[in-house]
Amino acid sequence: RQILPEQVFSLDELKLLLQYAGPLDRLLILLGLNCGFGAAESASLLVGEVFIRTPHSDRHKEMLGVELSPTDSFIKRIRRKSGVYGEFLLFAETTKSLEWALAERRKFSPLKPADKLLVNSNGEPFDKATSGGNSNRQIPNRFARLLARIREGKHKITALPFKMLRKTGGDLVKRFSDGEIAGVYLCHGQPVTSDDLSDVYTTRPFGKLFVAIRRVEDYLSPVFE
């Protein structure tokens with residue numbers, strides 16, 4: 001289904017979001033843009049899925065076919081909804097926000113790989129069901145409050161929900177690559193729609209995704225200023 005311009009955030013709107021965001025809001029926005037994370041992906045992110053300045057092995061780099069720096073950082077995880085593995089080269093801004101989150105998480109307990117990275121002020125994960133058994137709405141509600149603060153500051157911003165950051169990121173990746181790479185970024189089950197065996201006989205083109213992510217980061221550089 002075609003994404004319309006009014007369904008994604010503009011550069012000016014992204015700049016406003018980051019300008020008004022607190023540290024946690026900033027990280028959630030960056031995960032949405034950098035990794036295509038919605039609320040569920042951000043809430044379920046584990047400490048052991050974050051690799052800060054951890055280089056790939058030479059064998060892995062050869063398979064990727066792209067130049068990587070020893071100082072590059074990544075998120076590597078299986079998307080819970082689709083069961084599809086994803087790797088994401090991180091923006092420098094995302095890396096800094098994740099370092100902040102790791103430091104905050106250590107205030108509650110020593111870090112273990114299986115720990116949820118993001119917790120609220122009570123130390124509870126953002127995907128913990130409510131007492132009534134309903135889905136946790138803390139992340140979408142935080143984003144709605146952020147939009148309200150922006151409007152209180154006399155700025156105009158499109159009334160889009162948190163999940164549209166994922167669509168904004170996917171749209172940008174597609175703009176700087178193609179639909180297949182956007183599907184890899186979004187961890188879709190079958191990014192090559194014409195070939196349902198492509199994942200059986202080949203590895204996913206994460207190297208091409210990393211190149212696209214770098215181009216998106218360059219495009220977004222005015223947003224980070």
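Reader: In this structure, is arginine 80 buried, exposed or partly exposed?
Author: This is a predicted model, and in it arginine 80 counts as partly exposed, because its relative accessibility is 42%.

Reader: And where does arginine 80 sit along the chain?
Author: Arginine 80 is placed in the loop that runs between strand S2 (74–78) and strand S3 (85–89).

Reader: What is arginine 80 in contact with, once its neighbours within four places in sequence are left aside?
Author: With those neighbours set aside, arginine 80 is in contact with Ser44, Leu46 and Glu49. Leucine 45 can be placed relative to arginine 80 as well, since the two are 35 residues apart in sequence and their C-alpha atoms are 9.9 Å apart in space.

Reader: Let me switch to threonine 95: which helix is that in, and is it buried or exposed?
Author: Threonine 95 belongs to helix H5 (residues 92–106), and it is buried, because its relative accessible area of 7% falls under the 20% cut-off.

Reader: So what does threonine 95 touch, apart from neighbours within four places in sequence?
Author: Beyond those sequence neighbours, threonine 95 is in contact with Ile52, Arg53, Ser73 and Leu90.

Reader: Now the inside of the protein: which residues of the largest nonpolar core touch the most other members?
Author: Those are Leu17 and Ile75, in a core of 63 residues. The element that gives the most to this core is helix H2 (residues 23–35), which contributes eight residues. As a general point, nonpolar side chains in soluble globular proteins tend to be buried together.

Reader: Staying with leucine 17, what is it in contact with away from its neighbours within four places in sequence?
Author: Leaving those neighbours out, leucine 17 is in contact with Phe9, Ile29, Phe143, Leu146, Leu147, Ile150, Ile157 and Leu165. Leu17 is also one of the buried residues of helix H1 (residues 11–20), together with Glu13, Leu14, Leu16 and Leu18.

Reader: What covers those buried residues of H1?
Author: The cover includes H2, H6, helix H7 (164–175) and helix H11 (221–224).

Reader: Changing topic, how many disulfides does the count come to?
Author: The count comes to zero disulfides. Cysteine 35 is in none, and the nearest cysteine sulfur to it, that of cysteine 187, is 9.3 Å away, whereas a disulfide would need the two sulfur atoms within 2.5 Å.

Reader: And are cysteine 35 and cysteine 187 buried or exposed?
Author: Cysteine 35 is buried, with a relative accessible area of 1%, and cysteine 187 is buried too, with a relative accessible area of 4%.

Reader: How many cavities of 30 Å³ or more are there, and what volume does the largest have?
Author: There are two cavities of 30 Å³ or more, and the largest has a volume of about 50 Å³. Its lining includes Cys35 and Cys187, along with Gly36, Phe37, Glu41, Arg77, Arg79, Phe88, Arg166, Tyr185 and Leu186. By type, the lining of the largest cavity divides into six nonpolar residues, one polar and four charged.

Reader: What about the second largest cavity, which residues line that one?
Author: The second largest cavity, with a volume of about 40 Å³, is lined by Asp25, Leu28, Ile29, Ile139, Arg142, Phe143, Leu146 and Phe162. Six residues of this lining are nonpolar, none is polar and two are charged.

Reader: Which helix gives the largest share of the lining of the second largest cavity?
Author: The largest share, four residues, comes from H6, although H2 and helix H6 (138–152) each supply at least two residues of the lining.

Conventions
Residues are numbered from 1 along each chain as its sequence is written. This is a predicted model: local features need pLDDT of at least 70, side-chain atom pairs count only at pLDDT 80 or more; totals for chains, interfaces and linings use all residues. Side-chain values use heavy atoms; hydrogens and water are left out. A nonpolar core is a set of buried Ala, Val, Leu, Ile, Met, Phe, Trp, Tyr and Cys residues joined through side-chain atoms within 4.5 Å. Buried means under 20% relative accessible area, exposed over 50%, partly exposed in between (1.4 Å probe, protein chains only). Contact means heavy atoms within 4.5 Å. On a 1 Å grid over the protein atoms alone, a cavity is a set of points where a 1.4 Å probe fits but cannot get out, and a pocket is an open set with protein on both sides within 12 Å along at least five of seven lines; lining residues have an atom within 4 Å of a point. Grid points are joined across faces, edges and corners, and a volume is the space filled by probe spheres set on the points. Ala, Val, Leu, Ile, Met, Phe, Trp, Tyr, Cys and Pro count as nonpolar, Asp, Glu, Lys and Arg as charged, and the others, Gly among them, as polar.
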